[in-house]
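Please open the model in a viewer and keep the selection tool at hand. The tour proceeds from the whole chain to single residues, with a selection proposed at each stop.

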Amino acid sequence: MRRILVAVAAAVLVASGCQAQQQRESVQLMLDRHAAAVLGHDEAAFLADVTPGERTAQRRVFRNLADVPLASWSYRLEGRSGGDAKVQLRYRFKGYDTAPVTSDIAMTLAGNGSRWRIAAATDNTAQLWDQGPVRVARGAHSLVLGPGGEASLKAYAADVDRAVTAVTGVWGNSWARRVVVEVPGSLDDMAALLDASPTAYEGIAAVTTAELRGSTTAVPADRVVVNPEAFGELSPLGRRVVLTHETTHVATRAATTSRTPLWLSEGLADWIGYRGTGQTAKEVAPELSRDVAAGRLPDALPSDADFGTTANGLAQSYEGAWLACRLIADRWGDAKLLALYRAADDGATADAAMRRTLGIGTGEFTARWRAYVQRELG
């Protein structure tokens with residue numbers, strides 16, 4: 001009798017496992033149909049897999065996506081417990097992304113083992129099309145997306161095209177030379193795209209998503225995300241510098257690792273951004289200039305923590321990093337500055353990379369940098 005009971009229990013477990021697998025496959029098939037409807041611009045097919053109560057919200061998202069140039073769009077079921085499902089969205093923009101952007105979606109499913117529909121869907125991190133209709137402007141090297149008017153988006157595209165030319169003139173052609181820019185409608189919308197608090201980006205005109213994710217071997221698609229409120233307060237020169245700075249981050253992404261100090265990555269981006277503008281050191285570094293005039297010469301190069309968006313002395317950190325890269329270019333030459341940046345990608349520590357490219361360690365370099373800051377800003 002005991003053997004019979006054990007056999008029955010085992011059979012029940014096998015049947016249960018098979019049923020769970022069948023349900024998982026059924027859900028995935030529904031998600032595949034849902035994705036195909038997005039790529040095929042088939043609204044009826046898209047809504048067929050949505051419950052009546054959710055159709056208004058999903059119809060809005062579908063129509064907001066109408067002009068977005070998608071190369072791919074897919075959903076992958078990551079886990080399910082009853083009607084609750086965790087789904088990963090993966091998508092690429094046509095002509096720009098070689099790797100997909102991913103986003104986790106919490107879905108509520110309604111149905112049974114053979115027929116499932118979406119009763120609710122919430123992106124863990126907001127996408128532009130969650131915020132409203134997305135309009136698109138294209139440049140020679142840029143794709144700009146946002147809710148703004150055509151003229152505004154085209155102006156961004158023209159500025160980014162110029163930035164791509166400027167960055168390529170320094171960094172070279174060893175990058176895709178294509179930049180995607182997202183321009184949300186407000187600071188709050190920008191923060192939602194970055195899954196952050198608005199206060200963290202109040203004074204930040206733009207950010208590249210690679211900076212937030214950190215560096216990995218598998219490089220996801222980068223996005224330059226603009227804070228329209230802070231960006232709108234900039235002069236034409238300021239806008240040019242910001243977009244060139246962020247474009248530099250896109251260009252150098254593959255050569256940026258966890259060993260690359262932020263003073264070098266941020267300093268290089270500003271150095272390329274201000275290159276050729278004719279700005280003096282005191283014009284580029286007004287906050288650090290005031291500190292030096294008051295006898296507050298920095299003791300050390302900015303640490304990675306000094307570049308946090310809410311860090312005290314953030315402006316001084318960027319200005320000091322720019323001066324560090326400017327010193328290297330002035331003293332050792334542009335090629336050595338680029339070689340130092342790329343050295344971290346070869347696995348060298350910051351000190352070892354500096355010794356190999358400049359012939360001195362970080363201690364001696366810091367001393368020279370402090371003297372350079374005093375001389376240029378004093």
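Among contacts in the protein chain between residues at least 6 apart in sequence, what percentage join residues at least 24 apart? The value is 62% in this predicted model.

**The whole chain**

Begin with the full chain in cartoon representation. The protein chain has 16 helices and nine strands. Its C-alpha atoms fill a box of roughly 90 × 60 × 35 Å along the principal axes. Of its 378 residues, 46% count as buried.

**The nonpolar cores**

Next, select Trp-171, Trp-263, Leu-268, Trp-271, Leu-323 and Phe-365, and show their side chains. These residues belong to the largest nonpolar core, which has 61 residues, and they touch the most other members. Elsewhere, a second and separate core comprises 45 residues, including Phe-62, Tyr-91, Val-180 and Tyr-201. As general background, nonpolar side chains in soluble globular proteins tend to be buried together.

Return to Trp-171 and display its surroundings. With residues up to four places away in sequence set aside, Trp-171 touches Ala-251, Thr-252, Ala-255, Leu-268, Leu-338, Tyr-341 and Arg-342.

**Helix H9**

Select residues 236-251, which form helix H9. Does the distance between the ends of H9 agree or disagree with the span expected from its 16 residues? At 1.5 Å a residue, H9 should span 22 Å, and its end C-alpha atoms are 22 Å apart, so the two values agree.

Colouring H9 by accessibility shows a mostly covered helix, with twelve of its 16 residues buried. The buried set consists of Gly-238, Val-241, Val-242, Leu-243, Thr-244, His-245, Glu-246, Thr-247, Thr-248, His-249, Val-250 and Ala-251. Ala-251, at the end of this list, is among the residues touched by Trp-171.

**Helices H13, H14 and H16**

Now show helix H13 (residues 314-331) together with helix H16 (residues 362-377). Their axes come within 10 Å and cross at roughly 100°. Angles of 65 to 115 degrees count as roughly perpendicular, and H13 and H16 are therefore roughly perpendicular to each other. On the H13 side, the contact is made by Gly-320, Leu-323, Ala-324, Arg-326, Leu-327, Ile-328, Asp-330 and Arg-331. H16 contributes Phe-365, Arg-368, Trp-369, Tyr-372, Val-373, Glu-376 and Leu-377. Two of these contact residues, Leu-323 and Phe-365, were selected earlier in the largest nonpolar core.

Add helix H14 (residues 334-343), in which Leu-337, Leu-338, Leu-340, Tyr-341 and Ala-343 are buried. Against which helices do the buried residues of H14 pack? They pack against helix H5 (150-171), helix H10 (262-274), H13 and H15.

Ala-352 is located in helix H15 (residues 350-358). At 36% relative accessibility, Ala-352 counts as partly exposed. A C-alpha distance drawn from Ala-352 to Arg-331, 21 residues away in sequence, reads 19 Å.

**Two buried polar residues**

Select Ser-142 in strand E6 (residues 142-146). Is Ser-142 buried or exposed? Its relative accessible area is 0%, so Ser-142 is buried. The side chain of Ser-142 reaches the backbone oxygen of Ala-157 at 3.1 Å. Beyond its neighbours within four places in sequence, Ser-142 is in contact with Tyr-96, Ala-137, Ala-157, Val-160, Asp-161 and Val-179.

Move to Arg-223, in the loop between helix H7 (209-213) and strand E9 (224-226). Arg-223 counts as buried, at 4% relative accessibility. Its side chain makes a polar contact with the side chain of Asp-97 at 2.7 Å. Contacts of Arg-223 beyond four places in sequence include Tyr-91 and Val-180, two residues of the second core.

**Positive phi in two loops**

Most residues other than glycine have a negative phi. Select His-41, in the loop between H1 and helix H2 (43-48), where phi is near 55°. His-41 counts as exposed, at 53% relative accessibility.

Then select Asp-195, in the loop between helix H6 (187-193) and strand E8 (206-208). Asp-195 has a positive phi of about 55° although it is not a glycine, and it counts as exposed at 54% relative accessibility.

**Final stop: Ser-26**

Finish at Ser-26 in helix H1 (residues 2-39). Ser-26 counts as buried, at 13% relative accessibility. The C-alpha atoms of Ser-26 and Trp-116 are separated by 7.3 Å, with the two positions 90 residues apart along the chain.

Methods
Residues are numbered from 1 along each chain as its sequence is written. This is a predicted model: local features need pLDDT of at least 70, side-chain atom pairs count only at pLDDT 80 or more; totals for chains, interfaces and linings use all residues. Side-chain values use heavy atoms; hydrogens and water are left out. A nonpolar core is a set of buried Ala, Val, Leu, Ile, Met, Phe, Trp, Tyr and Cys residues joined through side-chain atoms within 4.5 Å. Buried means under 20% relative accessible area, exposed over 50%, partly exposed in between (1.4 Å probe, protein chains only). Contact means heavy atoms within 4.5 Å. Helices (H or I, at least four residues) and strands (E, at least two) are DSSP runs, numbered from the N terminus. The expected span of a helix is 1.5 Å times one less than its number of residues. A polar contact is a pair of N or O atoms within 3.5 Å; within protein, one must be able to donate a hydrogen and the other to accept it, and residues adjacent in sequence count only if both atoms are side-chain atoms. Axes are lines fitted to C-alpha atoms, for helices over the stretch in contact, and angles run from 0 to 180 degrees between N-to-C directions. Angles under 35 degrees count as roughly parallel, over 145 as roughly antiparallel, 65 to 115 as roughly perpendicular and the rest as oblique.
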